[in-house]
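Hi,

Here is the structure I promised to hand over. Have a look, and my notes follow below.

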Amino acid sequence: QVQLVESGGGLVQAGGSLRLSCAASGSISSISRITAMGWYRQAPGKQRELVATVTSGGNTNIVESVKGRFAISRDNSKSTVYLQMNSLKPEDTGVYYCNVATWPPNLNYWGKGTLVTVSS
């Protein structure tokens, strides 16, 4: 089992920045099996969508809508993944969820989410 705790959400004006953090905890065995870590978001009335992922080797994938504004990174020594969000837009508003994959077995874990509100 892996537990995820997100932090860093809040209210910010358009053009501002926020940094989200997600710390994973659990047994040493579970933590050692974490592969990809990532962030998803869900805007009001919309489906949850991928924002960015980072593999254990540091390879990143960032969706086009936030590329150049958001950056994902991870600190394996802290089992933590970060999402640096710059030049925020009102359309970035939503609940941001941390996601962690493990292998073996192939499991996915979700955090409870942190709300990001960008005012115009």
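**A buried arginine, and the rest**

R74 is buried (under 20% relative accessible area, 1.4 Å probe, protein chains only), yet R74 has no salt bridge, meaning a side-chain nitrogen of Lys or Arg within 4 Å of a carboxyl oxygen of Asp or Glu. The nearest side chain of opposite charge, D75, is 8.3 Å away.

Before I go on: this is a predicted model, with local features needing pLDDT of at least 70, side-chain atom pairs counting only at pLDDT 80 or more, and totals for chains, interfaces and linings using all residues. Residues are numbered from 1 along each chain as its sequence is written, and side-chain values use heavy atoms, without hydrogens and water.

So what does the side chain of R74 reach? The backbone oxygen of T35, at 2.6 Å. The backbone oxygen of T55 also lies 3.1 Å from a polar atom of that side chain. R74 itself is in strand β7 (residues 70-75); strands are DSSP runs of E, at least two residues, numbered from the N terminus.

Then there's the largest nonpolar core, a set of buried Ala, Val, Leu, Ile, Met, Phe, Trp, Tyr and Cys residues joined through side-chain atoms within 4.5 Å. Of its 28 residues, W39, L83, M85 and Y96 touch the most other members. The largest share, four residues, comes from β3.

Finally, a search of the whole structure finds one aromatic pair (ring centres within 6.5 Å, with the six-membered ring used for Trp). Y40 and W110 have their ring centres 4.9 Å apart and planes at 65°, so the pair is edge-to-face (over 60 degrees).

Cheers

Note on methods:
Buried means under 20% relative accessible area, exposed over 50%, partly exposed in between (1.4 Å probe, protein chains only). Lys and Arg count as positive and Asp and Glu as negative; His and the chain ends are not counted. A polar contact is a pair of N or O atoms within 3.5 Å; within protein, one must be able to donate a hydrogen and the other to accept it, and residues adjacent in sequence count only if both atoms are side-chain atoms. Rings of Phe, Tyr and Trp (its six-membered ring) pair if their centres lie within 6.5 Å; planes under 30 degrees apart count as stacked, over 60 as edge-to-face and the rest as tilted.
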